[in-house]
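Let's take a walk through this one together. Keep the picture in view as you read, and look up each residue when it comes along.

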Amino acid sequence: MVELIDPALKGTVNVLRSCAKVPSIKRVVLTSSMVAVICNRKMLTPGLHIDETWFSDPLFCKESKVCTCATF
């Protein structure tokens, strides 16, 4: 388990430290996977910035069966 958690933790901390050095970065959204934000009714377009308003909609996932890995 340490071989999975340690690199993920160090990588996340490194990204957050780098973001803290850039004054133009106002917000960082950390998700456990793309499934956390991709299963909703919104359209993906090039150059799109995904933020906390993109969290997956459990009802949409259940109705469309798009995110079969989600537990309902």
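About how many helical turns separate lysine 10 and aspartate 6 in helix α1? What you're looking at is a predicted model, and helix α1 runs over residues 2-20. Lysine 10 and aspartate 6 sit 4 residues apart in that helix, so about one helical turn lies between them. Their side chains meet in a salt bridge, with 3.2 Å from N to O. Aspartate 6 counts as partly exposed, because its relative accessibility is 32%, which falls between the 20% limit for buried and the 50% limit for exposed.

That's one pair; the count for the model comes to 3 salt bridges. For the others, move along the chain to arginine 41, which lies in the loop between α2 (35-38) and α3 (58-64). The side chain of arginine 41 meets that of aspartate 57 in a salt bridge, at 3.0 Å from N to O. Aspartate 57 is in the loop between α2 and α3 as well, yet the two residues are 16 apart, so this pair links distant parts of the chain. With a relative accessibility of 28%, aspartate 57 counts as partly exposed.

Arginine 41 has another partner, too. Glutamate 63 forms a salt bridge with arginine 41, and here the closest N and O atoms are 2.9 Å apart. This pair also links distant parts of the chain: glutamate 63 belongs to helix α3, arginine 41 to the loop between α2 and α3, and 22 residues separate them. Is glutamate 63 buried or exposed? Glutamate 63 is exposed, because its relative accessible area of 52% is over the 50% cut-off. Put these pairs together and you get one network, in which salt bridges with shared partners join Arg41, Asp57 and Glu63.

Now for something without charges. On the surface, Leu16, Val22, Ile25 and Val28 form a nonpolar patch, and together they have about 280 Å² of accessible area. One of them, valine 22, lies in the loop between α1 and α2. Valine 22 is partly exposed, with a relative accessible area of 34%.

How far can you trust the picture? The chain has a mean pLDDT of 79, and 83% of its residues reach 70 or more. Among the elements of the chain, α1 has the highest mean pLDDT, at 85, while α2 has the lowest, at 71. Where pLDDT is low, predicted coordinates shouldn't be read in detail.

Key. Residues numbered from 1 in each chain as written. Predicted model: local features only at pLDDT ≥ 70, side-chain atom pairs only at ≥ 80, totals over all residues. Heavy atoms only, no water. Salt bridge = Lys/Arg side-chain N within 4 Å of Asp/Glu carboxyl O. Buried < 20%, exposed > 50% of the residue type's maximum accessible area, 1.4 Å probe, protein only. Patch = residues over 30% accessible without salt bridge, like charges linked within 9 Å, V, L, I, M, F, W, Y side chains within 5 Å. Areas by Shrake-Rupley, 256 points an atom, 1.4 Å probe, with all protein chains shown as cover. pLDDT = per-residue confidence, 0-100.
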